[in-house]
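Here is a walk through one protein model, with the sheet up front and the rest following from there. Have the structure open and follow along.

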Amino acid sequence: MDIPLSRYQNMSLDQIQSNCGFPHSFSVDEILREKPFSRRLFPFNRRKRRAPFSQIRCSSLEQGLQPRPKPKPSTIELSVGKEVKVNETQLRKPSSELCGQIEKLVFFKRYHEALELFEILELNGAYDMDSETYDALVSALFNYMINSGFDPDEYLRNRVLLMHVKCGMMIDARRLFDEMPEKNILSWNTIIGGLVDAGDYFEAFRLFLMMWQEFSDAGSRMFVAMIRASAGLGLIFAGKQLHSCSLKTGVGGDVFVACALIDMYSKCGSIEDAQCVFDQMPEKTTVGWNSIIAGYALHGYSEEALSMYYEMRDSGIKIDNFTFSMIIRICARLASLEHAKQAHAGLVRHGFGLDIVANTALVDLYSKWGRIEDAKHVFDMMPHKNVISWNALIAGYGNHGRGVEAVEMFERMLHEGMVPNHVTFLAVLSACSYSGLSDRSWEIFESMSRDHKIKPRAMHYACMIELLGREGLLDEAFALIKDAPFKPTVNMWAALLTACRVHKNLELGKFAAEKLYGMGPEKLSNYVVLLNIYNSSGRLEEAAAVIQTLKRRGLRMLPACSWIEIKKQPYCFISGDKCHAQSKEIYQKLDELMLEISKHGYVPQEKFLLPDVDEQEERVLLYHSEKLAIAFGLINTSDWIPLQIVQSHRICGDCHSAIKLIALVTRREIVVRDASRFHHFKDGSCSCGDYW
């Protein structure tokens, strides 16, 4: 039985929920039994939309309309009296049944009732609407207006078009645009901007050309949208054409156009053109500075990006949270803790101490460079955390061989209701692999699809292959590759090849290397690992053949380079380097260290695992670049300061053994980031477990 809508206002929400009426073709009970987002009842939900992240409630929409899977019970012991923090947004709970009833009213063209029910729910204030419901309400509003006999003018049609675009309803927006009797420049701006926001760059270009034929003009807003489209497609030629047109139409000096051009040139690989546009800006805004700094960082010019940041600061321009987030990530790449500390202080000083993006970057920085307790402190002080924040801390524990803590954080994450993603599982599986937590790793791997409806990807399989390789189960690792539900990737074969190198399985290693050659013959590291296998096994002829193959393919093994930052000044070393002003003291210190660690059993390895460097490296075994950098750091820092070293290649076996003992005798923590992973040396051991 249909209930007159005027009676809603005298009902409770539960009564409304149980008494909404619908056409006789469906009984009330039948409709309420339907899932609230049923595709059978509501075909309009097939529309392409782009919902804001803040409105996404659960992943069940993409997973066959299944209820959210419940996580496995946490094994973490929680204090009985511990207060559980609840976000303010959690107090307004979405009601799928009430949302579904609004959508059903819209589907059955009862627009007035849908809008009035929405108003009642808003006045009650106890429920949140989701993106599907807002989608239906937009349709209800427009159709109610049309069905009432009102003929909207050009202004109102543009407003309705904008409303559809803002809600991500691009299929309906395109239909409205095509049906407009008259289109002005605002109409074109709205639909083209919406297409660019939705990532439909080709269609945006098609409409732009149609508009250009009609108007032969465009404002700054249109040029910004199309320059973004050029960046999205990586078409620098189109971007340059738009740049030229913007200058001819007199909007080239517009600050938004200039910022879009900087971003476009950076993403298309021309940082020089980006710098030229930046230099010509009449007024350099915060966004302009951020764009050029991001451009340099994107292309690996970290020192230049940091220098631009200090120019920005000295110019007196306002620095925002995005600036600090970028600089912290740049400092992580440069292993520059001193610069990062200054950025952290500036973040707090400028009022962004609670910014989730910047604080997540800090968690990532501190956890990567051995300051895991500082990372945990920043994490605990964050009032709000997203999945990226959790991922950063879990990965940090894993990088430093603290797999148990990583698993505990993962379980705490589930316990607090945070939904993990594929990066979360990559972080926790890697942590389990690094720490040899075999049983727990398999439990988590199997729970991905079973409990969380996340299909394991190649990267997750690579973690499990590495785990089997660490345990010497090479046949099982090979079987896992063959049984994978997709074609094996480079990372999967590379994980097996590394296991073969460690366990000296020549035949299987050769087979894995051949597979890698077919997938990426130009990748130097694949040849280097096979070279290591042959060299460590005494197969010198095969090793020589690999070197000849490298020369034939034009792949050159370059000298390794290591650098360390002391008092915000970076210092670079190569093997056997004697160009430094303190060379005498460095070599003297290193000789003393070699003598000291020899008392603890160190013997230089003649058949050490070669890094991907040139043949001259072997003649300067005792003076590899990372050893020189460590000696320099010990001379120029206080005894309590950990050392952070960046190595351009994979650390060799001899240096790895030596640094473990150097950390022991000097009682220093030494963090080395090489081409393979982070190595956290402390008290004579390494976080990698001697497997890299």
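## The sheet

Six strands form an open sheet in this predicted model, with mixed pairing and the order β4-β3-β5-β6-β7-β8. Strands here are DSSP E runs of at least two residues, helices are H or I runs of at least four, and both are numbered from the N terminus. Two strands pair if DSSP finds at least two bridges between them. At the edges sit β4 (569-574) and β8 (685-686), each pairing on one side only.

As a reading note, residues are numbered from 1 along each chain as its sequence is written. Local features need pLDDT of at least 70 and side-chain atom pairs count only at pLDDT 80 or more, while totals for chains, interfaces and linings use all residues, and side-chain values use heavy atoms, with hydrogens and water left out.

## Around β3

Strand β3 (residues 561-566) is largely enclosed by the rest of the structure, because five of its six residues are buried. Buried means under 20% relative accessible area, exposed over 50%, and partly exposed in between, with a 1.4 Å probe and protein chains only.

On one pairing, β3 and β4 run antiparallel over six bridges, with Glu 565 opposite Pro 570 in β4. Their hairpin has two residues between the strands, and Lys 567 there takes a positive phi near 50°. β3 is also joined to β5 by three bridges, again antiparallel, and Ile 564 stands opposite Ile 645 in β5.

Then there is a parallel pairing: β5 (residues 643-647) with β6 (residues 670-673), over four bridges. Leu 643 has Ile 670 of β6 as its bridge partner.

## A buried lysine

Is Lys 660 buried or exposed? Lys 660 counts as buried, because its relative accessibility is 16%. Lys 660 belongs to helix α32 (residues 653-666). Setting aside neighbours within four places in sequence, Lys 660 is in contact (heavy atoms within 4.5 Å) with Phe 681, Gly 684, Ser 685, Cys 686 and Asp 690. Of these contacts, Ser 685 and Cys 686 take us back to edge strand β8 (685-686).

## Two cores

The largest nonpolar core has 146 residues. A nonpolar core is a set of buried Ala, Val, Leu, Ile, Met, Phe, Trp, Tyr and Cys residues joined through side-chain atoms within 4.5 Å. Residues with the most contacts inside that core include Ile 192, Met 226, Ile 292 and Trp 369. Not counting residues up to four places away in sequence, Ile 292 touches Ile 262, Ile 271, Ala 274, Gln 275, Phe 278 and Met 308.

Apart from the largest core lies another, of 32 residues, among them Leu 593, Ile 597, Ala 631 and Ile 662.

## A helix pair and the repeats

Helices α22 (residues 422-435) and α24 (residues 458-470) have axes that come within 9 Å and cross at roughly 5°. The two are therefore roughly parallel, a label for angles under 35 degrees. Residues making the contact include Phe 425 and Leu 429 of α22, along with Cys 463 and Leu 467 of α24.

An unreviewed UniProt entry lists "repeat: PPR" for residues 184-214, 254-284, 285-319, 386-420 and 523-557. Residues 184-214 are 87% helix and 0% strand, with end C-alpha atoms 10 Å apart. For residues 254-284, the figures are 71% helix, 0% strand and 11 Å.

## Overall

The protein has 32 helices and eight strands, and buried residues make up 50% of its 692 residues.

Terms used
UniProt positions renumbered as here; feature names shortened; annotations may be inferred. Axes fitted to C-alpha atoms, helices over the stretch in contact; angles between N-to-C directions. Parallel < 35°, antiparallel > 145°, perpendicular 65-115°, else oblique.
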